[in-house]
Amino acid sequence: MREFFADMDLMLVDEDGVPVASGWGVPIRWDGRPASLPSGYTEALVRAVEGHEQGVTPDTLVICGAIVTPSLKGRGLAGETLMALRAAAKEAGWDRVIAPVRPTAKARYPLTPIETYMHWAREDGSSLDPWIRTHERLDATLLSAAPASQTMTGTVAEWERWTGLVFPESGDYVVPEGLALLHIDRESDEGVYREPNVWMRHC
C-alpha cells in the first residue's frame, strides 16, 4: 500500500494536527458490472498490485478501510474519511469508487447468509447495519454480496489461542466477533474462516 498507492493512504487530523481517523484504498480497473467485481477485499488487493505491476491504467478506487480513534466515534469522522477518499479518487481521475464493506453488526447474526443480511432494513428503510448505513448516508448503493471477501486459516491450536475457545471436534463454530462460522477440521489440523463483506458503490 505505502509503496504503490501512498496517495490513497490518508490521515485526518484535528485543528491541532492530532490524527483522529485514517482511511485507505487501492485502484483497480473495473468495467462497472457486478459480475466482474473482485471476490472481495483480498482479491481487490491482488488485482491492484498486479495491475500496477503490469501497467494497467486504473479507473476505480476500492476503499479498503476507514478507522476512527475509538474515543471519537459517533462524530461523523468515518463519513468524512470516506468523503476524503472519494475526493482523492476524483482528483486522480478515477470514475468509480466502490468498497467491500464489513457489516459491523453481522457478528450478532453469524448464521444468517450475507446475501440475506445485506437487505435487512429498519422501519425507515435504511440498512439495519450501522456501517452499511454510514455508506448509504453518503449515497452509496448495494452492488452484491462478497461471501468470501477474506479467507483466514490457521491450525486448531492457533484458532483456540486467537478466540479463547476450545474446539474438541471437527465442525462449525461461532467465534467472538465473527461474521460467519469458523470451520474446524481436526484431521487436517486446520481452521478456516471466510469473512463476508458487501460490495457498495459510491460513484
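1. Which residue caps the N-terminal end of H4? Asp129 does, with a side-chain oxygen 3.1 Å from the backbone nitrogen of Trp131. Please keep in mind that this is a predicted model. Helix H4 covers residues 130-137. Just after H4, Asp139 takes a positive phi of about 70°.

2. Next, the inward side of H4. Trp131, Ile132, Arg133, Thr134 and His135 are buried in this helix. The buried residues of H4 pack against strands and a helix: E3, H2, E4, E5 and E8. Of these partners, E5 runs over residues 141-154. Asp129, the capping residue, is also a contact of Pro103.

3. Arg133 deserves a separate look. Which side chain of opposite charge is nearest to Arg133? Glu136 is, at 6.4 Å. Arg133 is buried, yet has no salt bridge. A salt bridge here requires a side-chain nitrogen of Lys or Arg within 4 Å of a carboxyl oxygen, so the distance to Glu136 does not qualify. Arg133 does have a polar partner: the backbone oxygen of Leu128 lies 3.1 Å from a polar atom of the Arg133 side chain. With neighbours within four places in sequence left aside, Arg133 is in contact with Arg122, Ser126, Ser127 and Leu128. I would check this residue in the viewer.

4. Now the largest pocket. Its volume is about 760 Å³. The lining holds 31 residues, and the closest to the pocket centre are Ala66, Ile67, Ala78, Thr104 and Trp131. Five elements give two or more residues to the lining: E3 (60-68), H2 (77-92), E4 (96-101), H4 and E8 (190-201). Which of them gives the most? E3 does, with six residues. Trp131 thus appears in two places in this note: it is one of the buried residues of H4, and it is among the residues closest to the pocket centre.

5. Pro103 sits in the loop between E4 and helix H3 (114-117). Is Pro103 buried or exposed? Its relative accessibility is 0%, so Pro103 counts as buried. Leaving aside neighbours within four places in sequence, the contacts of Pro103 are Ile114, Tyr117, Asp129, Ile132, Leu179, Pro196 and Asn197. One of these, Ile132, is buried in H4. Val192 is another matter: Pro103 and Val192 are 89 residues apart in sequence and 20 Å apart in space, C-alpha to C-alpha.

6. How many salt bridges does a search of the whole structure find? The count is six. One joins Asp59 to Arg29, with the closest N and O atoms 3.7 Å apart. Asp59 lies in the loop between helix H1 (41-54) and E3, and Arg29 in the loop between strand E2 (19-28) and H1, so the pair ties together parts that are 30 residues apart in sequence. The burial of the two partners can be stated as well. Asp59 has 13% relative accessibility and counts as buried. Arg29 is partly exposed at 49%. Arg29, Asp59 and Arg96 are linked in a network of salt bridges.

7. Two further salt bridges are worth listing. The side chains of Arg33 and Asp31 meet at 2.9 Å, N to O. Arg33 is partly exposed at 46% relative accessibility. Asp31 is partly exposed too, at 43%. Glu43 pairs with Arg47, the closest N and O atoms being 3.6 Å apart. Both lie in helix H1, four residues apart, about one turn of the helix. Residues three or four places apart in an α-helix point the same way, because the helix has 3.6 residues a turn. Glu43 is partly exposed at 32%, and Arg47 is partly exposed at 25%.

8. Last, some backbone angles to inspect. Most residues other than glycine have a negative phi. Glu177 has a positive phi, near 65°. Glu177 is found in the loop between E6 (171-173) and E7 (182-185), and counts as exposed at 60% relative accessibility. Asp189 also has a positive phi, of about 55°, although it is not a glycine. Asp189 lies in the loop between E7 and E8. With a relative accessible area of 40%, Asp189 is partly exposed.

Terms used. Residues numbered from 1 in each chain as written. Predicted model: local features only at pLDDT ≥ 70, side-chain atom pairs only at ≥ 80, totals over all residues. Heavy atoms only, no water. Buried < 20%, exposed > 50% of the residue type's maximum accessible area, 1.4 Å probe, protein only. Lys, Arg positive; Asp, Glu negative; His and termini not counted. Polar contact = N/O pair within 3.5 Å; in protein donor to acceptor, adjacent residues only side chain to side chain. Contact = heavy atoms within 4.5 Å. 1 Å grid on protein atoms, 1.4 Å probe; cavity = no way out; pocket = protein on both sides within 12 Å on 5 of 7 lines; lining within 4 Å. Points joined across faces, edges and corners; volume = space filled by probe spheres on them.
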